[in-house]
Amino acid sequence: MAEELKVIVFALGQEEYGIEVDKVRTIERMMPITRVPKTPAFVKGVINLRGIVIPVIDLRGRFGLEETAESDNSRIIIVAVNELEVGFIVDSANDVIDIMDDTIDVPPEVVGGIKAKYLSGVAKIGDNRLLILLNLSEVLNRSEIIQLEQFGE
Amino acid sequence: MEMNQYLSIFIDEAGEHLQSLNENMLKLEQAPEDIGIVQVIFRSAHTLKGMSATMGFEDLASLTHDMENVLDLVRNEKLKMNSTIFDTIFQCLDSLEGMVQDVVNGGTGKADVSALVEQLKAIVRGEAPGSSAAASASASDKPMVATEMLLDQYQLSVLEQSIDSGLSVFHVEVFIRDDCVLKAVRAYMVFDLLEKNGEVVKSHPSVQDIEQDKFEKSFSVYYISRISQEELTASILKVSEIESVTVLPVDRSVLEELDQSKEATSQQSFQAVRETAAGAAATAPSGAEAAKPAAKAADAAPRTAAAGGAAASGRTIRVDIERLDTLMNLFSELLIDRARLEQLASEVRRGDLTETVEHMARVSSDLQNIVLKLRMVPVESVFNRFPRMVRDLAKSLDKKLDLVITGAETELDRTVIDEIGDPLVHLIRNSVDHGVEQPAARAAAGKSETGTVQLRAFHSGNHVFIEIEDDGGGINRPKVTEIAIKRGVITQEEAKKLSDDELNMLIFAPGFSTADKISDISGRGVGLDVVKSKIESLGGSVSVTSELGKGSRFTIQLPLTLSIISAMLIKLGSEKFAIPLSSIVETAAIRRDEIRDLQGNKVIQYRNSVIPVVSLAEVLNSPDYREDGEAETETVIIRKGDKMAAVLVDEFITQGEVVLKTLGNYLGNQKLISGATILGDGQVALIVDPNSLIK
């Protein structure tokens, strides 16, 4: 029996991505970000989310895509996974949709320049719309940051 | 399970009752005649029993139940406290604590308490030395129903129901022949027979005691029988070596009598409670009016005080610490909005708006004080376990000790309180074990046999101090030096240069222990260095002063709170950073030409010493500021231990209290940044860790 999955849809460049709705705390407009020195380039810094300090990363930078200047559509999606709370900077976030889990396929090796290990699947919506689902625990894998930090020294 | 929601309440309250039991037992040990204290202990034990039974922790309940039986005899003056009873009850408390701890850790709170239960039962039966006289005296005036054969409510109701349903109930007393060699075997045969034909409700002595041969020549049971009185008598007599047996039928009237005799005992105790209360009530007003310390008023005073204490503890509520954190976060949000409103009001320039905003500012700063105070807890919650610990330590070491606690009301942040317990335990154990000498040695040194350990807490400035002082032997500095050199902590040459205080601090070095013998209390060579690093991780420091033959004093200095620190806000171009004030020696402006180059390292002359210069902008990779072009640069002189450094910054903004926040789990521990804070304009400013700037 196929089950329904509610996902938040956001865009990075031409591609559309999805994160399960229960992992998203809020979606915020861009706000001032305080730089944290000696962190990987994709870590943009920390923000004050109603009294709580939360790190923010640029998803483009995280996936090795070219970083672009922020626009009016840019959003910060605050996700909470494995006791980590992190904000993702995305080009835009404007939809919540239901997808059936039997429409999700195993991701091909490289989608939109993103390594397959960061993805949990690709869902087909309608005839020509593809939604890339993120594997959040891999995206937020701390061991990779630690490696990058050591590399920077 | 739906009980889960009550579990945390149970754990908290059980902890409190155990604490109060411990405290009052210690008080009682000082004044064994004070029945008032026994009453308090009894009530605590009773409540604990009820709670445990409700939550289904049967072992907890059964142990407290038997403790209660002992205490009941004591408060009715049928039993006098003696050291055996004290030790047994203290053991029970330990066992109870263990069980509660098990529950805390998600266990079932089960433990084998049968040994302790037996000990308690033995005390109730009056078998403990020194208590038999009182117990038997009370038993003698009720001929048939001996105190020890009193049935509890449950057993009574079982018997009642059996009678109602037509079964016969007997009180059977069996006498075994004097020349019988294996009494226990005969008794076992009788029990076997009884079990076949009915049910034994209560036996005296207990079945275990009988099995272990712990009885004289007779035993008695309450028995629900399926066979008649004659049959029962005959069948018991068939067992060899039985001298005689008396079988008395028990009917409702006998049961009522039994119940009443129990009632009478509790009635008596109620009477006692009422009298105590009345006495206290009567003396309190008269004492206040007359203020003449009459002998009677003085006698009643401790009881009145105890009653007052109980009332005070009732005026608090429990709040989850997370809720307080949420409150704190919401409040800092409010502060940010306040700053914005103030900004707007100054732009709009309307009298009543400005007034309202000003009023709001005043209210919110009061609110801030209260919110911060909510996190403060008296150190009492840590200190109150020490009297018991010192008592046990002193007993096991054969030392005589007084623990004097002062300043237990001093308040500390909850997070510090949670962490400070273990280091304190270690230091106190250290003082008791290594500091205070054996009574004989003390007498020889011309000191009183009883050693004193003082535990003090007090406020001073932005810090709380906790001192542990003993009047023992003090630190033997030559010996410390010798060991330190032997263990490779320092070299001979270094040792010569050290001051007395520095030599004392050697005992905090890793892998150091001066104890000649290894005891299980302290002295494994791990410990004091752990204490030191723990205290330092809390942002505090520890030091020791000592005089040989007179004693030592350990002083712990702790920050008032971990969530708020005093900091200097500085600017580097467009970015703002905070530097904790505790590390700042002073601020200065230094000229570019004062900075010299010493083998590639920049240094300046600072008060007769040469200290390194650190460019904060360079260390933090500031995107839009470098001090290179300036003729004169603002500088913060920081200190870490005895090392100092001059940190170049762009501009000082202000100094003040900032709320400390973590950067979140994702970024983990940063080397240069110890945390973040939220400024009045809602922006996040990072807090620089000055220790990382000094190599």
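This is a short tour of a predicted model with a chain A and a chain B, one selection at a time.

**Stop 1: chain B as a whole**

Select chain B and colour it by secondary structure. You'll be looking at 23 helices and 22 strands. Chain B has 695 residues, and buried ones make up 29% of them. Now think about which parts of the chain touch each other. Take the contacts in chain B between residues at least 6 apart in sequence: 67% of these join residues at least 24 apart.

**Stop 2: one helix and its buried face**

Next, select residues 528-537 of chain B, which is helix 22. Which residues of this helix are buried? They are B:Leu528, B:Val531, B:Lys532 and B:Ile535. Show their side chains and turn the view until you look straight down the helix axis. The buried residues of helix 22 of chain B fall within an arc of 100 degrees, so they line one face of the helix.

What covers them? Add helix 17 (414-435), strand 10 (541-547) and strand 11 (551-559) of chain B to your selection, since the cover includes these three elements. Before you leave, click on B:Gly539, just after helix 22 of chain B: this glycine has a positive phi of about 80 degrees.

**Stop 3: a six-stranded sheet in chain B**

Stay in chain B and find the open sheet of six strands, ordered 14-18-19-17-16-15, with mixed pairing. Start at the edges. Strand 14 (584-591) and strand 15 (596-598) of chain B each have a single partner strand, so one side of each has no neighbour in the sheet. From one strand to the next, the twist averages 40 degrees.

Now walk inwards from strand 14 of chain B. Its pairing with strand 18 (residues 632-640) of chain B is antiparallel and spans seven bridges. Pick out B:Ala589, and you'll find its bridge partner, B:Glu634, in strand 18 of chain B. Keep B:Glu634 selected and look the other way: B:Val649, in strand 19 of chain B, stands opposite B:Glu634. Strand 18 of chain B and strand 19 (residues 643-649) of chain B run antiparallel and are joined by seven bridges.

Then jump to the other edge. Strand 15 of chain B pairs with strand 16 (residues 601-606) of chain B, antiparallel again, over three bridges. Here B:Arg596 has B:Val603 of strand 16 of chain B opposite.

If you're wondering what holds such neighbours together, strands of a sheet pair through backbone hydrogen bonds.

**Stop 4: a five-stranded sheet in chain A**

Switch to chain A, where five strands make an open sheet in the order 3-6-7-5-4, with mixed pairing. The edges are strand 3 (24-29) and strand 4 (43-49) of chain A; each has a single partner strand, so one side of each is left without a neighbour in the sheet. On average, neighbouring strands of this sheet are turned by 30 degrees against each other, ignoring direction.

Zoom in on strand 4 of chain A and strand 5 (residues 52-58) of chain A, an antiparallel pair joined by six bridges. Among the partners here, A:Leu49 is matched with A:Ile52 in strand 5 of chain A.

**Stop 5: where the chains meet**

Finally, show both chains. How many residues does each chain bring to the contact? Chain B brings 26 residues and chain A brings 22 residues. On the side of chain B that touches chain A, select helix 13 (321-348), strand 21 (673-678) and strand 22 (684-688) of chain B, each of which supplies at least two residues. Helix 13 of chain B gives the largest share, four residues. Colour this side of chain B by residue class, and you get 12 nonpolar, 10 polar and four charged residues.

Conventions: Residues are numbered from 1 along each chain as its sequence is written. Chains are lettered from A and ligands numbered from 1 in the order in which they are written. This is a predicted model: local features need pLDDT of at least 70, side-chain atom pairs count only at pLDDT 80 or more; totals for chains, interfaces and linings use all residues. A residue is buried if 20 or more other C-beta atoms lie within 10 Å of its own, exposed if 12 or fewer, and partly exposed in between; C-beta atoms are placed from the backbone. The arc is that of the directions from the helix axis to the C-beta atoms. Two residues are in contact if their C-beta atoms, placed from the backbone, lie within 7 Å. Ala, Val, Leu, Ile, Met, Phe, Trp, Tyr, Cys and Pro count as nonpolar, Asp, Glu, Lys and Arg as charged, and the others, Gly among them, as polar. Two strands pair if DSSP finds at least two bridges between them. Axes are lines fitted to C-alpha atoms, for helices over the stretch in contact, and angles run from 0 to 180 degrees between N-to-C directions.
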